[in-house]
Amino acid sequence: MLFGPLAGCLMGLIGHFLSDLASGWGVWWSWVAGSAFFGLAMGFVGYKIDLAKGEFGIKGAVVFNVVQVVAHLISWGLIAPALDILIYNEPTEKIFLQGAVGSVGNIVSTAVVGTILCFAYASTRAKKGSLKAED
């Protein structure tokens, strides 16, 4: 959110790629693509919620959470499972169940941890008009 959609996309892509590579089970490009999309989507949220200006109230939390829910559902409920079927010939029922479980876990953890981090970060930023000239 702080650095925009391109940086978010690259962070999702590179981060998931390196995580898969280090894990020892190989790179699952379908799930790397899901992470890249999620980073891209959340990067666009940064245009609506300006954390750098210290603006993250209830409205910001609602926007953040609506977008993260939709982005997780698209990433792990559609993109990753569809690419698993196309690329790796995975069984449809298994892979969509895996995507649903992943979506729910990611949605809950992002809602809790992400919202807390956004409020915490915004509180460290100087608000517009917070400085006053001395006489």
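Biologist: How are H2 and H3 oriented relative to each other, parallel or antiparallel?

Modeller: The general idea is to compare the directions of two helix axes: over 145 degrees counts as roughly antiparallel. In this predicted model, the axes of H2 (residues 29-48) and H3 (residues 58-88) cross at roughly 160 degrees, so the two helices are roughly antiparallel to each other.

Biologist: Within what distance do the axes of H2 and H3 come?

Modeller: They come within 8 Å.

Biologist: And what is the handedness of the crossing of H2 and H3?

Modeller: H2 passes H3 in a right-handed crossing. The residues of that contact divide into 18 nonpolar, 6 polar and 3 charged.

Biologist: Good, now a single residue. Is Thr110 buried or exposed?

Modeller: Relative accessibility is the value to read here, and under 20% means buried. Thr110 has 16% relative accessibility, so Thr110 counts as buried. You will find Thr110 in helix H4, which spans residues 92-124.

Biologist: Which residues is Thr110 in contact with, leaving aside neighbours within four places in sequence?

Modeller: For contacts, look for heavy atoms within 4.5 Å. With those neighbours set aside, the partners of Thr110 are Phe38, Phe64, Gln68, His72 and Thr115.

Biologist: Which backbone oxygen lies 2.8 Å from a polar atom of the Thr110 side chain?

Modeller: That is the backbone oxygen of Asn106. A pair of N or O atoms must lie within 3.5 Å to be a polar contact, so do check that distance of 2.8 Å in your viewer.

Biologist: Let me try Leu78. Is Leu78 buried or exposed?

Modeller: Apply the other cut-off, where exposed means over 50%. Leu78 has 51% relative accessibility and therefore counts as exposed. Its place is in helix H3.

Biologist: How far apart are Leu78 and Ala100, in sequence and in space?

Modeller: Sequence separation and spatial distance are worth reading side by side. Leu78 and Ala100 are 22 residues apart in sequence, and their C-alpha atoms are 9.3 Å apart.

Biologist: Let's step back to the whole chain. How many helices and strands does the protein have?

Modeller: There are 4 helices and 0 strands, and from the N terminus on the elements run α-α-α-α. Along the principal axes, the C-alpha atoms fill a box of roughly 70 × 25 × 20 Å.

Biologist: What percentage of the 135 residues is buried?

Modeller: Buried residues make up 34% of them. As for contacts between residues at least 6 apart in sequence, 71% join residues at least 24 apart.

Methods:
Residues are numbered from 1 along each chain as its sequence is written. This is a predicted model: local features need pLDDT of at least 70, side-chain atom pairs count only at pLDDT 80 or more; totals for chains, interfaces and linings use all residues. Side-chain values use heavy atoms; hydrogens and water are left out. Axes are lines fitted to C-alpha atoms, for helices over the stretch in contact, and angles run from 0 to 180 degrees between N-to-C directions. Angles under 35 degrees count as roughly parallel, over 145 as roughly antiparallel, 65 to 115 as roughly perpendicular and the rest as oblique. A crossing is left-handed if the near helix is turned anticlockwise from the far one by less than a right angle, and right-handed if clockwise. Ala, Val, Leu, Ile, Met, Phe, Trp, Tyr, Cys and Pro count as nonpolar, Asp, Glu, Lys and Arg as charged, and the others, Gly among them, as polar. Buried means under 20% relative accessible area, exposed over 50%, partly exposed in between (1.4 Å probe, protein chains only). A polar contact is a pair of N or O atoms within 3.5 Å; within protein, one must be able to donate a hydrogen and the other to accept it, and residues adjacent in sequence count only if both atoms are side-chain atoms.
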